[in-house]
Each structure stands twice: as structure tokens, then as C-alpha cells.
Amino acid sequence: MSKNKYLFPLILVTSLFFLWAFLHNINAILIPHLKTVCQLSDTQSSFVDSAVYLGYFLIAIPAGLFVHKYSYKKGIILGLSLFGTGALLFIPAANAQSYTFFLVALFIIASGATFLETIANPYVSVLGDKKTSAQRLNFAQSFNGLGACVAPIIGGHVILTGVEHTPDELKHMSAAQVAAYLHSEASTVKLPYLVIGIAVLILLLLFIFTNLPNVEEDDSAIESHAPGSDFSISVLKHKHLSWAVVAQFFYVGAQVGVASFFIRYAKFVAGVGEKDAAFFWGMIAMGGFMVGRFAGTFFMKFIDPAKLLSIYAAISILLLAIGLTTHGTVALYAVMAVPFFMSIMFPTIFALGIKGLGEETKIASSFLVMSIIGGGVAPLFMGLISDKTSSIQMAYIVPLICFAIVLYYGVKGHKVVKA
């Protein structure tokens with residue numbers, strides 16, 4: 001009976017994983033698209049990721065405090081409200097063709113997603129048997145993988161037009177022709193973000209009228225702990241958590257960096273057009289990501305989560321080394337294979353990081369979500385390397401280094417050290 005009472009809440013909260021996956025994975029489309037619309041450099045276009053992950057960094061702690069004071073449900077309602085508002089702001093941003101306006105809208109969406117992700121990850125982990133929390137979280141994140149697969153396919157089809165004028169071609173066009181071209185490109189984001197806004201509103205109403213259990217975490221794993229008394233930075237005294245924050249920073253940096261510049265990478269190493277590259281990323285790379293989540297959940301029945309994390313990090317390093325040193329389809333497919341092995345990293349690091357933290361799980365979750373700022377830092381360095389070397393391929397050294405940190409966490413950093 002106790003399992004059954006958590007079933008529908010688990011299903012409903014799991015639906016949120018699809019939502020923020022769409023936000024993160026549509027960036028791979030928005031970066032090259034807004035680069036064209038707003039005439040940006042690679043470094044400037046990386047601010048799309050910076051705006052999103054700055055939202056996570058600034059809002060994660062307030063989100064944790066809000067949930068701690070009120071409830072999971074109220075946090076979800078506020079998160080969905082912010083998410084929907086930001087999505088609808090894309091329409092006036094497109095009308096104004098303002099990069100700053102786009103970044104503000106993305107920041108607001110990300111603020112809402114921060115509430116949802118801060119809540120959903122620990123909520124799923126406590127809705128059931130503690131022994132299977134990592135498996136349950138990986139299963140829920142599998143639907144995040146579905147969103148990751150769908151976003152670039154839909155975005156590539158609806159947002160990208162396939163019309164790629166070179167700088168030289170634009171110079172030979174009249175001012176009116178350039179203005180009409182850029183306006184047409186900017187307008188393609190209106191419909192998808194209107195649909196997102198409406199979908200979020202429907203989901204918001206569903207949460208408002210659904211009773212969600214306010215699960216209380218078990219504090220028995222932490223001796224001399226009064227519930228709520230250590231809701232502060234002192235939670236980082238747990239070494240396995242502090243290392244999880246570091247690992248999550250670098251993992252998310254790697255994940256975002258690999259995806260964000262893939263369309264540019266595909267053109268550079270294999271001459272693949274933007275629409276085809278978007279389809280390849282969504283169908284093959286993110287399809288692999290989604291399959292990897294389900295496969296990882298299965299593998300964890302036989303392989304310790306930390307060991308599987310280490311194996312996958314090592315394979316990711318090898319694949320990126322191939323992507324850095326070869327060209328053509330070999331390089332392209334090596335990079336597209338990376339998401340399969342990235343698939344289990346976020347939820348596994350998360351579950352290992354909050355292990356045995358009891359009521360401190362809520363603030364620990366905030367720090368882990370805050371560490372997602374890595375997704376706004378790594379692409380910035382990649383953009384700088386690309387602009388300096390005129391090689392987006394060389395920029396992929398950044399995610400390779402990031403995976404090396406994840407490998408260390410899987411081998412050693414995850415171990416719980418008792419005081």
C-alpha cells in the first residue's frame with residue numbers, strides 16, 4: 001500500500017524531468033541560430049548557456065530555502081510559473097531581435113527549471129525504498145533523456161531554416177535583404193516557445209489540483225543532527241558531497257559543451273549542414289543518451305553505481321580524444337557516442353552526493369543544482385578557444401578535461417568519510 005500511494009506522485013514529478021531537458025537541449029539549436037540572428041562570435045553565442053546556468057547558480061539556494069520552509073508542491077508551482085513566463089517572453093524577444101532580451105527570457109526559464117530540478121531529484125530519491133534511490137532516480141532521468149532526444153529534433157526542424165549565408169554573401173546583400181533575412185530567422189522561435197508556454201500552464205494546473213505527499217527525509221543516518229538546524233553551507237563538511245558538487249560542476253560543463261557546439265563541430269570536421277547536424281544530434285546522440293539512461297538503470301543491478309560512473313567517464317575521455325585528433329565520420333560518430341556514456345552521470349553523482357544526509361538532503365540538493373553553473377563556464381572557454389584558434393574542434397579539449405574530474409569522483413571522491 002505504501003508503494004502504491006507514491007506511484008502517481010512519482011509519475012507526475014517524473015514528467016518534470018522532460019521539461020527541463022527540453023530547456024537544456026534546445027540550447028544546441030539556439031546557439032547557432034542566435035549566432036546568425038544577432039550576428040555573434042562563438043564566445044558571444046556561448047552566453048546562451050551562461051544565461052541558463054547563471055540562473056541555476058543564483059536561484060538554487062533560494063529554491064532550496066523556499067522548499068525547506070514551505071513544501072515540495074509550492075516549489076513546483078512557483079517553478080512552473082517562472083518557466084512558463086520565460087517561454088512566453090521569447091515572442092517579444094524575437095520581435096525585438098534583441099540578444100539581451102533573449103538572454104533575460106532564458107534566465108527566467110532557467111530560474112523556474114532550477115526550482116523544478118532542485119525539488120524533483122531529491123523528491124524522486126525519497127519516494128520509495130532508500131536502497132533503490134539511485135536506480136529510481138536514473139529511471140526518472142530516463143524521461144529527461146526523452147526530452148533531450150526530442151528537443152534538438154523538433155528545434156532543428158522548426159527553428160533552423162537551413163539557410164546558411166556566409167559573411168561574404170551577407171556583404172553582397174542589400175540592407176533591406178539582410179534585415180528581412182534576420183527578421184525571418186528570428187521569428188522561427190515564436191511558435192515552439194508559445195507551445196511550451198501553453199504546455200507548462202496545463203502542467204501547472206495539474207499540479208495545483210493534485211495532492212502530493214510531503215515526504216520527510218530520514219535523519220537516522222546523521223547522528224547529533226537536529227532537523228533543519230544545519231540548513232547551511234556547513235553541509236559541505238561531508239566530503240562525498242563537496243566532491244559531488246565539484247564533479248557535478250565539471251560533468252555539466254562537459255555535457256553542455258559537447259552539445260552546444262556540435263552543429264558547428266559537425267560542419268567543421270565533416271561538412272554537415274545545420275539541419276542535418278541537428279537531426280543527427282537529436283536522433284543518434286540524444287537517442288543514445290535516452291537509451292543509456294535505461295541501460296544504466298539495468299546495469300546498476302549488477303555493477304556498483306560509482307564503478308559504472310568511472311567506466312563511463314574513461315570511455316568518454318577516449319571518445320573525445322578521437323574527436324579531437326581525427327576528421328570526417330570517425331570524429332563525428334565518436335562525439336555522437338559520448339552522450340550514451342554521459343547518460344548516467346548526473347543522477348549517479350547526485351544520488352552518491354546526497355547519500356545518508358537525511359534532512360540535509362534539501363540543502364545538499366541546492367548545492368548540487370547550483371554546481372550546474374559549470375554548464376555556463378565550459379562553453380565560454382570553448383568559445384574562446386574556437387575564436388582564438390579558428391577551430392571549434394580544438395575547443396573539445398575542455399569537455400575531455402571535465403570528464404577526467406568525473407573519473408576521479410567515481411574512483412575516489414564519492415566515498416563517504418565518517419567524522
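User: Before we look at clusters, when do two aromatic rings count as a pair?

Analyst: Happy to start there. Rings of Phe, Tyr and Trp, with the six-membered ring used for Trp, pair if their centres lie within 6.5 Å.

User: Which residues form one aromatic cluster with Trp281?

Analyst: Keep in mind that this is a predicted model. A search of the whole structure finds 17 aromatic pairs. The cluster that holds Trp281 is completed by Phe262, Tyr265 and Tyr396.

User: How are the rings of Phe90 and Tyr193 arranged, and what is the angle between the planes?

Analyst: Phe90 sits in helix H5 (residues 90-96) and Tyr193 in helix H10 (residues 190-208), so their pairing ties together parts that are 103 residues apart in sequence. Both Phe90 and Tyr193 are buried. Their centres are 3.8 Å apart, and planes under 30 degrees apart count as stacked. The pair is therefore stacked, with an angle between the planes of 10°.

User: What kind of pair do Tyr312 and Phe341 form?

Analyst: The ring centres of Tyr312 and Phe341 are 5.1 Å apart, and the planes stand at 90°. Planes over 60 degrees apart count as edge-to-face. Because of that angle, the pair of Tyr312 and Phe341 is edge-to-face.

User: Which helices does that pair tie together?

Analyst: Tyr312 and Phe341 are both buried. They are 29 residues apart in sequence, so the pair ties together two parts of the chain. Those parts are helix H14 (residues 305-325) for Tyr312 and helix H15 (residues 328-342) for Phe341.

User: Which helix gives the most residues to the largest nonpolar core?

Analyst: The largest nonpolar core has 131 residues, and those with the most contacts inside it are Leu80, Tyr251, Phe262 and Tyr396. Beyond its neighbours within four places in sequence, Leu80 is in contact with residues including Leu16, Leu19 and Phe207. The helix that gives the most to this core, with 15 residues, is H1 (residues 2-37).

User: How many residues of helix H17 are buried?

Analyst: Helix H17 spans residues 361-370 and is mostly covered. Its cover includes helix H3 (47-69), helix H6 (99-126) and helix H11 (239-260). Lys362, Ser365 and Phe367 are among the buried residues. The count for H17 is ten of ten.

User: Is Asp42 buried or exposed, given its salt bridge with Arg264?

Analyst: A search of the whole structure finds one salt bridge, and in it the side chains of Asp42 and Arg264 meet at 2.5 Å, N to O. The two residues are 222 apart, with Asp42 in helix H2 (residues 42-45) and Arg264 in helix H12 (residues 262-270). Arg264 has a relative accessible area of 27% and is partly exposed. At 4%, Asp42 is buried.

User: Which helix gives the largest share of the nonpolar patch?

Analyst: This surface patch covers about 670 Å², and its members include Leu88, Ile154 and Leu194. Two elements give two or more residues to the patch: helix H7 (133-158) and H10. Leu194 is found in helix H10, and at 33% relative accessibility it counts as partly exposed. The largest share, five residues, comes from H10.

User: What share of the accessible surface of the protein belongs to carbon and sulfur atoms?

Analyst: The protein has 19 helices and zero strands. Of its 419 residues, 57% count as buried. The accessible surface comes to about 16600 Å², and the share from carbon and sulfur atoms is 70%.

Key
Residues numbered from 1 in each chain as written. Predicted model: local features only at pLDDT ≥ 70, side-chain atom pairs only at ≥ 80, totals over all residues. Heavy atoms only, no water. Buried < 20%, exposed > 50% of the residue type's maximum accessible area, 1.4 Å probe, protein only. Helix = DSSP H or I, 4+ residues; strand = E, 2+ residues; numbered from the N terminus. Contact = heavy atoms within 4.5 Å. Areas by Shrake-Rupley, 256 points an atom, 1.4 Å probe, with all protein chains shown as cover. Patch = residues over 30% accessible without salt bridge, like charges linked within 9 Å, V, L, I, M, F, W, Y side chains within 5 Å. Salt bridge = Lys/Arg side-chain N within 4 Å of Asp/Glu carboxyl O. Core = buried A, V, L, I, M, F, W, Y, C linked by side-chain atoms within 4.5 Å.
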